[in-house]
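These are my notebook entries on a structure I went through element by element, kept in the order in which I looked things up.

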Amino acid sequence: MALLEVKGLRASYGPTRVLHGLDFALDEGSITAVLGANGAGKTTTLRALCGMVKTEGEMRFGGARIDGRLTEDIVRLGIAHVPDGRGTFVNLTTEENLRLGAYTRKDRAAVESDLARIFTYFPRLKERRRQQAGTLSGGEQQMLAVSRALMLRPKLLLFDEPSFGLAPLLVRELFEIMRTVNQRERVSILLVEQNAAMALDLADRAYLIETGRVVLSGPADEIKRDDAVRRSYLGY
Amino acid sequence: MTRRVYIGVAVLLAIACVLPFVVSNYRTFQLTLVLVYAIALLGLNILTGYNGQISLGHGAFYAIGAYSAAVLMDRLGAPYWATLPAAGAVCLVAGFLFGLPALRLEGLYLALATFALGVSMPQLLKYHHLEKWTGGVQGIVIAKPEPPFGLPINPDQWLYLFTLAVAVVMFVLGWNLLRGRVGRALIAIRDQHIAAEAMGINSALYKSLAFGVSAMYTGIAGALGAIAVQYVAPDSFTIFLSLVFLVGIVVGGLASISGALYGALFIQFVPNVADEISKAAPWAIFGLFLIGFVYLMPAGVAGAVRMLLLRLWGKSAK
Amino acid sequence: MDAFMHQVLSGLATGGIYASLALALVMIYRVTHLVNFAQGEMAMFSTYIAWSLINAGMGYWPAFLLTVLLAFVLGVVIERVVIRPVENAPVLAIVVIFIALLVILNSATGWIYSYTIKTFPSPFPKEPLFGNRYMSSHELGAIGITLVVLVLLYVFFRFTPLGLAMRAVAQNPESSRLVGIRVGWMLALGWGLAAAVGAVAGMMIAPIVYLDPNMMGGILLYAFAAALLGGIDSPGGAVIGGFAVGVLENVLGAYVIGNDLKLSVALGLIIGVLLVKPSGLFGKVHVTRV
């Protein structure tokens, strides 16, 4: 059964319709990439999944309807969203940010071991655990945002342009971690990315969005090998 | 304004002129106060309704106008009609001066600053160094004006007609001001102040002037009120006066000229009725009406009347 | 010199009272970014509830604790029922609702309890501590209680998960939702805590100024001045601000402007701080979004 199913998703910001009826699905344990140009509606799709914009249409997570529900309730079902802009609590410490990620969890001991594990993935965060998150560098804040999402022990991770503003080395590191988390902990990933090449390397499946509609979908390596698609839609 | 509206207003005016001769003196006095409050509410509406600057301290300007009139009449022997332009001038300046620093305060903070002004007013009026002029806690008693030219009407009726005339003048002036360029500028500043500035509207000037004009209106109302009641004392001008004005414009209708009149009727007559139930009842009712109007009728009575008339006249226009 | 010390010390005493109400104001502001004009009346109403309980025979401290609890519930209810519908409404609507709350609480109290002044007991002994001439035991006790409340709040915010969640909501409601925090309930909790703190303030104030529906009017103004001076989002600042306002009020009143005009000290401070340094002495600078 698909972990996430979206049918006929329409979304608007006020009077402006941005998504015009998206259909897609994700299987459990998969990595799915959502690609497209700026303004195509990729970020809006992620926000719609989290109930952060007004939507019409059907969205199901693990079989349960999530359209029309509050963000905090959707999150509690096991969806963690790393937004563009990262959404760090800049006036709280690194450690406080991480602990907030685990806010809804009741298994205290597991939270502590998860925290320790995050610190092994990201030793720099451990160094800066008592520093105010706003003083971290861009790359470190991105690591922090990803870690905070991981602290939720989500079933589905939503990434909004994680490579944005990061040095290439850091981007590679980040994508490695995504692969590890997906393989070792069976966390499904929905990845919105401008960097189509790297996204297609990582993903199992990809959807291409243009002005609020899905124009192409398929296994990632097929899309990667299709020269015509690459040139016209992905620009490389 | 369509001809229908002109006729409607003319009819209302005619009725208003006749009223003092068909009702009791006490009722006439109450109606005089309604007119006074209407002028004050129009003043507050110019600032808060049209220009979006929240004032919880307009009672202070009312008090300044009232005391100006009282001091001029009782200490300096001025005639009652001369106190109006004087009160207006004093409040215009006072309002403008308050409006200048207020430029830097937005929303809740401006409300807080004006709230502070409203709360401190009675104490300022009781200041013993000014007692020679203000009469301290006791206040000042004012003589009732006599009808001029030996007209065969009693002083209450004269005062009502005088107030009515002033009210008509103030309302016409206000209407002219608000429906023209100035009104549009004020509303633009309220709703989209960045766009307004980009369009070349000097919002600092307009906002301070709005404060001044608004204070002027309320000050003139204060002077008229003092003359009608024949008495000013510090404890008549507590924060609750400022709050009752707020009730008046919310119930009457923000950014509406007719709203000032509806609001004035409400704040004058509700306490009369509610007082019978209990001393606390008027404010409990005011509070409930405030909540009710914010949730259910944000356009106030004026808005409701407008919709009603549109429905009635809209049909017959077909 | 002795007279000056007297003014300063009694200023600290009244300052302690302003500080306790200012703490409640800061609590609400921190979590909701709103200035609660009805805070004084909420505190006053809670104090009347305490009076009823004590009058019915309950001991002081049980009545105190029960009142704090009831005030907490009242705060939560007010937020969920009255404030929530207008949380995202224009500022004027919010201000009007606050004023409505103020007048309804004020008149409801007058209706239920009448306007005759009542005495309210103090839990502290009548004799001044060590026989000193400057502060009564109650005034010292009130300062003590205010400091205890401040410490409890500090511990709550810094060391408990709920406190952390509330700090998160105050800074970034959207990100808070993304970690599953129920933002609506956090706001209600903030109101509940502020109401509880206000109730404590009211019960400390009432023995001094006597219980009367209008007792909080001037004090609210001083509390606003204190909160602004210390920084409208800083609890520690509010307490320091409270003491500062109390001392300033007394000293200026005695030596500069006369006792009649003391409230104008509050007025001057409010306007002064708002114009010169709106974030106060210890608050964080807030950029008004354009």
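I began with β7(A) and found that it pairs with strand β8 (residues 188-192) of chain A in the parallel sense, over 5 bridges. Within that pairing I looked up Phe159(A), whose bridge partner in β8(A) is Leu191(A). I then followed the chain from β7(A) to β8(A), which passes through helix α7 (residues 168-185) of chain A, and I noted this β-α-β crossover as right-handed. The model is a predicted one, and I read every entry here with that in mind.

Next I turned to the pairing of β7(A) with strand β6 (residues 79-82) of chain A, where 4 bridges join the two and the strands run parallel. Here Ile79(A) stands opposite Leu156(A). I asked myself whether the residues of β7(A) are buried or exposed. I found 5 of the 5 residues of this strand (residues 156-160) buried, so β7(A) is largely enclosed by the rest of the structure. Sorting them by face, I have Leu156(A), Leu158(A) and Asp160(A) on one side and Leu157(A) and Phe159(A) on the other, so that burial covers both faces of β7(A).

I moved on to another sheet in chain A, an open one of 4 strands in the order β2-β1-β4-β5, with antiparallel pairing. Its edge strands are β2 (16-27) and β5 (64-65) of chain A, each of which pairs on one side only. Strand β4 (residues 54-61) of chain A is joined to β5(A) by 2 bridges and runs antiparallel to it, and I noted Arg60(A) with Arg65(A) in β5(A) as its bridge partner. Helix α1 (residues 42-49) of chain A packs on this sheet, where it touches β1 (2-13), β2 and β4 of chain A, and its direction makes about 70 degrees with that of β2(A).

I then checked which chains touch. There are 2 pairs of chains in contact, and chains B and C share the most contacts, whereas chain A and chain B do not touch, their nearest C-alpha atoms being 17 Å apart.

For chains B and C, I listed 39 residues from chain B and 37 residues from chain C in the contact. On the side of chain B that touches chain C, α5 (107-125), α11 (239-252) and α13 (281-296) of chain B each supply at least two residues, and the largest share, 13 residues, comes from α5(B). By class, I entered 28 nonpolar, 7 polar and 4 charged residues for this side of chain B.

Because α13(B) appeared in that list, I checked its length: at 1.5 Å a residue its 16 residues should span 22 Å, and its end C-alpha atoms are 22 Å apart, which agrees. Among the buried residues of α13(B) I noted Trp283(B), Phe286(B), Leu290(B) and Phe293(B).

For chains A and C, the contact takes 19 residues from chain A and 16 residues from chain C. On the side of chain A, the elements giving two or more residues are α2 (71-76) and α3 (94-101) of chain A, and the classes are 8 nonpolar, 6 polar and 5 charged residues.

Last, I looked up Val26(C), which lies in helix α1 (residues 2-32) of chain C. It counts as buried because it has 30 C-beta neighbours inside 10 Å. Leaving aside neighbours within four places in sequence, I found Val26(C) in contact with residues including Ala227(C), Ile232(C) and Pro235(C). Val239(C), 213 residues away from Val26(C) in sequence, is 9.9 Å from it in space, C-alpha to C-alpha.

How values were computed: Residues are numbered from 1 along each chain as its sequence is written. Chains are lettered from A and ligands numbered from 1 in the order in which they are written. This is a predicted model: local features need pLDDT of at least 70, side-chain atom pairs count only at pLDDT 80 or more; totals for chains, interfaces and linings use all residues. Two residues are in contact if their C-beta atoms, placed from the backbone, lie within 7 Å. Ala, Val, Leu, Ile, Met, Phe, Trp, Tyr, Cys and Pro count as nonpolar, Asp, Glu, Lys and Arg as charged, and the others, Gly among them, as polar. A residue is buried if 20 or more other C-beta atoms lie within 10 Å of its own, exposed if 12 or fewer, and partly exposed in between; C-beta atoms are placed from the backbone. Two strands pair if DSSP finds at least two bridges between them. Axes are lines fitted to C-alpha atoms, for helices over the stretch in contact, and angles run from 0 to 180 degrees between N-to-C directions. The expected span of a helix is 1.5 Å times one less than its number of residues. A crossover is right-handed if, with the strands pointing away from the viewer, the path from the first strand over the helix to the second runs clockwise.
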